[in-house]
Every structure is written in C-alpha cells, then in structure tokens.
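Me: I would like to learn how to read strands, helices and surface patches in a structure, one feature at a time. Could you guide me through an example?

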Amino acid sequence: MQAWVVEAPGPIDAGPLRRVERELPEPAPGQVRVRVTCCGVCRTDLHLAEGDLPPRRPWVTPGHEVVGVVEALGPGSARFSVGERIGVPWLARTDGSCRYCRRGDENLCADPRFTGWDLDGGYADACLVDEAFAYRLPATLGDEQVAPLLCAGIIGYRALRCAAVPPGGRLGIYGFGGSAHLTAQVALAQGMRVHVLTRGARNRALAAALGVDSVGDAADPPPEPLDGAILFAPAGDLVPVALRALDRGGTLAVAGIWLSAVPGLDYATELFEERRLRSVTANTRRDGEEYLRLAERLGVRATTTGYAMADAPQALADLAHGRFGGAAVLVNQVRAVPAKVGGWSPVRLREQQPQRPLC
C-alpha cells in the first residue's frame, strides 16, 4: 500500500512529507484494519509535519480524521464486521488504569496514544485501529462530510462545553477554520449569539454564510461582551485580546494542541472579575459519541475542499496559507460513501432547531 510519512519535519513548503510503499499492516488482537476512503486534514497534521509537534517516532503517517471500511479483523475482534464503515479518531488508546482514566477523564490519560502521532494514521491506503476507540458513523453523513467531524467537530464540541456559555448566551470564536465552522453551527442551533473574529477573508465569508451574528477582524472587540470564547487560531497573541472581550465571569477555552507564545497578561483588565482561561486537552470517547449524535440531530454539515490522497502536501500547504475556507479532506480512489440525505441551508440552521442545553 501507499502511505505518506513525515520524513524530516520542517516548513510545509520545503516538503517534509514523503510518499512510500509499505506492506499492509496486520491487525493485532482487538484491532481492525480499515481501508481508507477519506481522511480529513487537521491543523495538528500541519504542526506535526512542520515540527511544532515533534513526531513520536520516525516516519510516522499523519491523519486522524479517518473514514473507511473494515477489511480485516484481528484475533478476538468482534465489535465491527468486515465491510462496515467506521471512523478512526485522534484518541487511539489509553491505559485505562491511571487515576484520570479511573475517574472518567481519559482525555487526560497519563500514557495515551494518538492516531497519526504515535500510531500510523489515515494519509494512507489503510490503517489499523483499536476497535474500542473507533466510531460507528451516522448514515446521513457521507464520507467527505463526516471526516472533519472526527476531530475538528469533536474537539470543537468539547471546547464549546468548556467555554460554559449559557443557552442564549454570547459566544466569541477566534479563528474560523475546520473546527470553528462546525462548532458555530452547534452554538447557533443552541440559540447562542455567535461573534466570529478572524483574519482570513474566505473564513469571514463562510462565517457570514452560516448566519453568525457578527464577523470582524481577530484583533477587533466584539459588538457586545462575551459570556465565553473559544480560541481556535494557534496564536498566543490573541489570548489577552479574547480575555479582554469577556464579560465578568466569562471563560476563554483554548482549543488547539499547540499555541504560539502567550504575551504577559494584565491582571486588572484580562483576568480580574473572575474571568477564566483554560485549555482543552483531547477528548473522551463519550465526547465523540455525544457529538456525532448531536451533529446528526442538528444537521451539522462540514464545508469541505477535496484533494486526492496523492496531493496531501498541497492540502497542508493550502491550509498553512489560508487558501480555502472550512476543512480539507483527502479522498482515496476507492469510491467514497455518499450521504443518504441531502438538502441543507446553513443560514436556516438557527431557525430549524429549538433552543436546548448542550447535554
């Protein structure tokens, strides 16, 4: 099979990826082998390729928003059947025994493994997954539509919960790419007022098309104080900007796995009056299951740009330079599964859904 690997981390325009030929991996006990149809392109993949996240092992294959079909079962594997469509996410394994796992916080596991960082991911013809960490996928979402939900969607959902915006409250979103445009749809459907603050013209246009309440530059103050905010852009200089935009008692959730240096904070203007700053670390499997059900119920749809699997370096370069809005998805030559239903208008999302709490 063919697979992309991180040969030498560095600037994406310098070509850190290399396409290689590998033997098909054989599933171990409890694993299944997935024939990849689609793989979403996440900013974490870019951080890995460029060395912001040092690869955990040489020549690792990126990709952790994987959609495919089970083609082989390891010994004792019984959760899925050959031919079944499943999703392979970022969280690949936990120890199940540390104090975090025991209390239900497996996203904080002391000894985790991650798809496309520790283990080979979906920038390939096939990959392996522990069956306990894979997801069944909504039949109403086609391969290219569901791929970004497996990380961008799930982590955005957790970030939205961490931002603690009450129903009908005011949410600020800083940066508006693959994760943010999915999160905004959930927030709008929950009756929140959503203010998007981002630098890219394409992403501003996408935010406006989704029907958010305002769109501005990342450095601009929103038109009203925020009950909560999510920082999706990996720009530490936006942390004090977002904190100043919070109302008293508001929370800023930082959703990325990597963030550039955060400047010094002024206590009086950026933290006082019980403003809170917190990070978002991975997700639990419960988060993923909840989000996929919620996304199906609310009619969440990803805006995607498709690339052939052979064009993975171009997709990452386009992500780095902001050449598309929404999410990029790598598509293998294997025929992808379409959605069973269609017809959705993003500007009607808020009107179609009643206000309800997140959980």
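Reply: What follows is a short walk through some strands, some helices and a patch on the surface of this model, which is predicted.

Me: Let me begin with strand β11, residues 193-197; how many of its residues are buried?

Reply: A residue counts as buried when its relative accessible area is under 20%. In strand β11, 4 of the 5 residues are buried, so by that cut-off the strand is mostly covered.

Me: Which way does strand β10 run beside β11, and how many bridges join the two?

Reply: Strand β10, residues 170-174, runs parallel to β11, and 5 bridges join them; one pair of bridge partners is Arg170 with Arg193 of β11. Between these two strands the chain passes through helix α5, residues 178-189, and this β-α-β crossover is right-handed.

Me: Which strand is joined to β11 by 3 bridges?

Reply: That is strand β12, residues 214-216, which also runs parallel to β11, and here Leu197 stands opposite Gly216 of β12. Helix α6, residues 201-210, forms a right-handed β-α-β unit together with β11 and β12.

Me: Turning to helices, how far apart should the ends of helix α4 be, given its 12 residues?

Reply: The idea is to allow 1.5 Å a residue, which gives an expected span of 16 Å for α4, residues 152-163, and its end C-alpha atoms are indeed 16 Å apart, so the two values agree. This helix is mostly covered, with 11 of its 12 residues buried, among them Ile154, Tyr157, Arg158 and Cys162. After α4 comes Ala164, which has a positive phi, near 55°.

Me: What does the check on span give for helix α9, residues 285-298?

Reply: With 14 residues at 1.5 Å a residue, α9 should span 20 Å, and its end C-alpha atoms are 20 Å apart, which agrees. The buried residues of α9 include Asp287 and Glu290 as well as Tyr291, Leu292 and Leu294. Gly299 follows α9, and its phi is positive, near 75°.

Me: Finally, which residues make the nonpolar patch on the surface?

Reply: Val262, Leu265 and Leu277 make this nonpolar surface patch, whose area is about 220 Å². Leu277 belongs to strand β15, residues 276-279.

Me: Why does Leu277 count as partly exposed?

Reply: Partly exposed describes a residue that falls between the cut-offs for buried, under 20%, and exposed, over 50%. The relative accessibility of Leu277 is 41%, and therefore Leu277 counts as partly exposed.

Notes
Residues numbered from 1 in each chain as written. Predicted model: local features only at pLDDT ≥ 70, side-chain atom pairs only at ≥ 80, totals over all residues. Heavy atoms only, no water. Patch = residues over 30% accessible without salt bridge, like charges linked within 9 Å, V, L, I, M, F, W, Y side chains within 5 Å. Areas by Shrake-Rupley, 256 points an atom, 1.4 Å probe, with all protein chains shown as cover. Salt bridge = Lys/Arg side-chain N within 4 Å of Asp/Glu carboxyl O. Buried < 20%, exposed > 50% of the residue type's maximum accessible area, 1.4 Å probe, protein only. Pairing = 2+ DSSP bridges. Right-handed = clockwise from strand over helix to strand, strands pointing away. Expected span 1.5 Å × (residues − 1).
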